[in-house]
Amino acid sequence: LVTAIDHVGIAVPDLDEAIAFQRDTFGLEVAHSEENAEQGVREAMLRAPGDTTGATQIQLLAPLREDSTIAKFLDKNGPGLQQLAYRVTDVEAAMEALRAKGLRLLYDQPRRGTADSRINFVHPKDAGGVLVELVEPAPHGH
Ligand code: MC0
């Protein structure tokens with residue numbers, strides 16, 4: 001089902017501060033950043049310097065709005081790990097396979113994720129307390 005660990009997402013109150021912290025402390029660099037209005041986030045994908053292998057990235061997620069999922073997460077838990085994203089080749093097929101095992105998917109249909117990927121989430125209560133995202137990357141690496 002899963003072809004790679006796509007990314008690990010960290011909820012942060014301030015995106016620019018978090019990028020600077022990861023750069024100055026660990027040397028990670030920004031590979032991509034964008035706003036996703038539907039998901040209510042400003043986000044950045046970080047990687048080790050020069051890495052072009054498609055290795056697991058770190059996703060920093062800052063809230064765009066007070067009522068967003070990330071704002072709610074920060075209010076409840078403070079900054080920290082928010083999600084684990086598994087890469088799949090066919091998100092609908094993955095959704096189908098997981099539904100057949102009785103897991104709840106958050107959306108009926110895939111939605112738009114980072115860099116035009118297609119995404120859905122497994123409810124954390126059905127995945128060992130972890131918010132699991134399914135990511136089907138856009139064709140041609142977007
Ligand atoms: C909530 N819970 C979590 C959790 N969020 N457990 C683990 N990890 C998380 N991130 C737990 C709570 O502790 C609580 O457990 C229960 O789930 C219900 O939580 P809640 O605080 O009442 O929150 P809800 O139910 O309003 O929302 C949780 C839910 C939401 C997962 C449905 O966050 C959601 O829709 N997430 C998917 C979208 C998302 O995360 N978007 C931002 C990233 P107790 O035991 O206290 O009842 S955007 C993104 O990721 C895109 C751009 C991408 O990568 O491409």
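**Notebook: pocket and salt bridges**

I started with the largest pocket, and the biggest share of its lining comes from H2, which gives 6 residues. Note to self: this is a predicted model.

**Entry 1: the pocket**

I looked up how much space there is, and the largest pocket holds about 820 Å³. It has 31 lining residues, and I wrote down the ones closest to its centre: Thr69, Phe73, Gln82, Pro124 and Leu131. Next I checked which elements give two or more residues to this lining. They are helix H2 (69-77) plus the strands S1 (4-11), S3 (41-47), S4 (57-63), S5 (80-87) and S7.

What kinds of residues make up the lining? I got 14 nonpolar, 12 polar and 5 charged.

**Entry 2: salt bridges**

I reminded myself that side chains with opposite charges can pair when their charged atoms come close. Searching the whole structure turned up 10 salt bridges. I went through a few of them.

**Entry 3: Arg112 and Glu34**

These two form a salt bridge, with 3.0 Å between the closest N and O atoms. Arg112 sits in strand S6 (residues 111-112) and Glu34 in strand S2 (residues 29-36), so the pair ties together parts that are 78 residues apart in sequence.

Is Glu34 buried or exposed? Glu34 is buried, as its relative accessible area is 15% and the cut-off for buried is under 20%. Its partner Arg112 comes out as partly exposed, at 34%.

**Entry 4: Glu136 and Arg118**

Here the side chains meet in a salt bridge at 2.9 Å, N to O. This pair also links distant parts of the chain: Glu136 is in strand S8 (residues 132-136), Arg118 is in strand S7 (residues 118-122), and they are 18 residues apart. I looked up accessibility too. Glu136 is buried, with a relative accessible area of 15%, while Arg118 counts as partly exposed at 29%.

Then I asked which residues are joined into one network by salt bridges that share partners. I found Glu34, Arg112 and Asp116, so I went back and added Asp116 to my Arg112 page.

**Entry 5: Asp67 and Arg65**

My last pair was Asp67 and Arg65, whose side chains meet in a salt bridge at 3.3 Å, N to O. Asp67 counts as exposed, with 65% relative accessibility; the cut-off for exposed is over 50%. Arg65 counts as partly exposed at 37%.

How values were computed:
Residues numbered from 1 in each chain as written. Predicted model: local features only at pLDDT ≥ 70, side-chain atom pairs only at ≥ 80, totals over all residues. Heavy atoms only, no water. Salt bridge = Lys/Arg side-chain N within 4 Å of Asp/Glu carboxyl O. Helix = DSSP H or I, 4+ residues; strand = E, 2+ residues; numbered from the N terminus. Buried < 20%, exposed > 50% of the residue type's maximum accessible area, 1.4 Å probe, protein only. 1 Å grid on protein atoms, 1.4 Å probe; cavity = no way out; pocket = protein on both sides within 12 Å on 5 of 7 lines; lining within 4 Å. Points joined across faces, edges and corners; volume = space filled by probe spheres on them. Nonpolar A, V, L, I, M, F, W, Y, C, P; charged D, E, K, R; others polar.
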